[in-house]
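Visitor: I am new to this structure and would love a close look at a single part of it. Could you take me to one enclosed space inside and then show me what lies around it?

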Amino acid sequence: MDLTILYRGPLASCDYDCPYCPFAKRRDSTAQLRADRAALERFTAWAAEQREDRLSVLFTPWGEGLVRSWYRRALVELSHQPHVRRVAIQTNLSCRTDWLEAADRDAVALWCTYHPGQTPHERFVAKTRRLGELGVRFSVGVVGLPEHREPARRLRAELPEHVYLWVNAAEGHTYTDEQAAEWTALDPLFPFSRHPHRSAGLPCRTGESVVSVDGDGRVSRCHFVRTELGRLYDGSYRAALAPRPCPLTLCDCHIGYVHLETLPLYDVFAGGVLERVPRELPDRAPLPVVASSGIVPLSQPSRLRAM
């Protein structure tokens, strides 16, 4: 079967101090870093040796992983495994990029977040250009805070047209229709992020073809439903893989609701679900309005532009 794994080890330190992030400038102790490295190396070894499934892996560390050598090494090693379809990571792109020359660029991918005020604009753009030169698949995005709107517009103007710029609704922030329209002009898919999605009782791929794994090898259906399905390293999780409805009232994070079967996002991001790269780059014009109850189609179909 095709199995997607969302891996999150104990790493919780970051080199940025974003005021909207609880892990800003947090420092892990030497012992914590050693534990994170050991956990990741154990997972990487399991994934490299595993032959029962075709794997896709997304690393979603609480902190910044790519400033740590073991995360860079894990992405390179897994990218060369014939049964690993995709290996990706969420990153602020503060790391150097030369290590990607050793990776299989058909398999490795980056989900990059731009944090205005944390890095010089020119430095961030230069790194995205280098990713393009290397042929690495990537998306770039920002948190939809008012102070980020102008930096996001500038970034969009300087990115190649084929690079998708996504916007995440800021946690706890509500948007007027006018504000939402401004963000949608940058990211036509922003309506999917604007409101939480009702998920209670709805079918979701998590727990069947998508699972979350922590540093101890504990397997759950996703990062937000922590009921244990079994353990990764003894194989006990496999017996629990089955279709099941979501037990939560709402799902408000992209790495969760992208897997809801009631949303069309597997079609939108076909071939790029983990790195958040759409199959076709949406026109920067309003797409379906998304209410908290789901999709409300517009009278005209959305237009898509080939990448």
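Guide: Gladly! Let us start at the second largest cavity, which holds about 50 Å³ of space. Please keep in mind that we are looking at a predicted model.

Who lines this space? Going along the chain, you meet Y164 and V167, then D187, L189, F190, F192 and S193, and after those H254, Y257, L265, F269 and R276. Two elements give two or more residues to this lining, namely α6 (190-194) and α7. Of these, α6 gives the most, with 3 residues. Sorted by class, the lining has 8 nonpolar residues, along with 2 polar and 2 charged ones.

One of the lining residues deserves a pause: R276. You will find R276 in the loop between α8 (265-268) and β14 (281-282). Its phi is near 65°, a positive value in a residue other than glycine. That is worth a second look because most residues other than glycine have a negative phi. Is R276 buried or exposed? With 3% relative accessibility, R276 counts as buried, because the cut-off for buried is under 20%.

R276 has a counterpart elsewhere in the chain. L93, in the loop between β3 and β4, also has a phi near 65°, again a positive value in a residue other than glycine. L93 counts as buried too, at 2% relative accessibility.

Now let us step back to see the other enclosed spaces. A search of the whole structure finds 4 cavities of 30 Å³ or more. The largest cavity holds about 100 Å³ of space. It is lined by 14 residues, and the closest to its centre are C204, T206, C222, C246 and C251. The elements that give two or more residues to this lining are β13 (250-251) and α7 (254-257). So α7 is a name to remember, because this helix, a DSSP run, appears in that list for the largest cavity and in the one for the second largest cavity. By class, the lining of the largest cavity divides into 10 nonpolar, 3 polar and 1 charged.

A residue of strand β3 leads us onward: Q90. At 18% relative accessibility, Q90 counts as buried. Leaving aside its neighbours within four places in sequence, Q90 is in contact with L58, F59, T60, P61, E64, W111 and I255.

Strand β3 (84-91) also brings us to helix α2, whose buried residues pack against this strand as well as against α1 (30-49), β2 (54-59) and β4 (108-113). Helix α2 covers residues 69-79 and is mostly covered itself, with 8 of its 11 residues buried. These are W70, Y71, R72, A74, L75, V76, L78 and S79.

Our last stop is the pair formed by α1 and α2. Their axes are 10 Å apart, and the two helices pack at an angle of about 5°. They are therefore roughly parallel to each other. From α1, the contact is made by L33, D36, R37, L40, E41, T44, A47 and A48, while α2 brings W70, Y71, R73, A74, E77 and L78. By class, this contact has 8 nonpolar, 1 polar and 5 charged residues.

Note on methods: Residues are numbered from 1 along each chain as its sequence is written. This is a predicted model: local features need pLDDT of at least 70, side-chain atom pairs count only at pLDDT 80 or more; totals for chains, interfaces and linings use all residues. Side-chain values use heavy atoms; hydrogens and water are left out. Buried means under 20% relative accessible area, exposed over 50%, partly exposed in between (1.4 Å probe, protein chains only). Helices (H or I, at least four residues) and strands (E, at least two) are DSSP runs, numbered from the N terminus. Contact means heavy atoms within 4.5 Å. On a 1 Å grid over the protein atoms alone, a cavity is a set of points where a 1.4 Å probe fits but cannot get out, and a pocket is an open set with protein on both sides within 12 Å along at least five of seven lines; lining residues have an atom within 4 Å of a point. Grid points are joined across faces, edges and corners, and a volume is the space filled by probe spheres set on the points. Ala, Val, Leu, Ile, Met, Phe, Trp, Tyr, Cys and Pro count as nonpolar, Asp, Glu, Lys and Arg as charged, and the others, Gly among them, as polar. Axes are lines fitted to C-alpha atoms, for helices over the stretch in contact, and angles run from 0 to 180 degrees between N-to-C directions. Angles under 35 degrees count as roughly parallel, over 145 as roughly antiparallel, 65 to 115 as roughly perpendicular and the rest as oblique.
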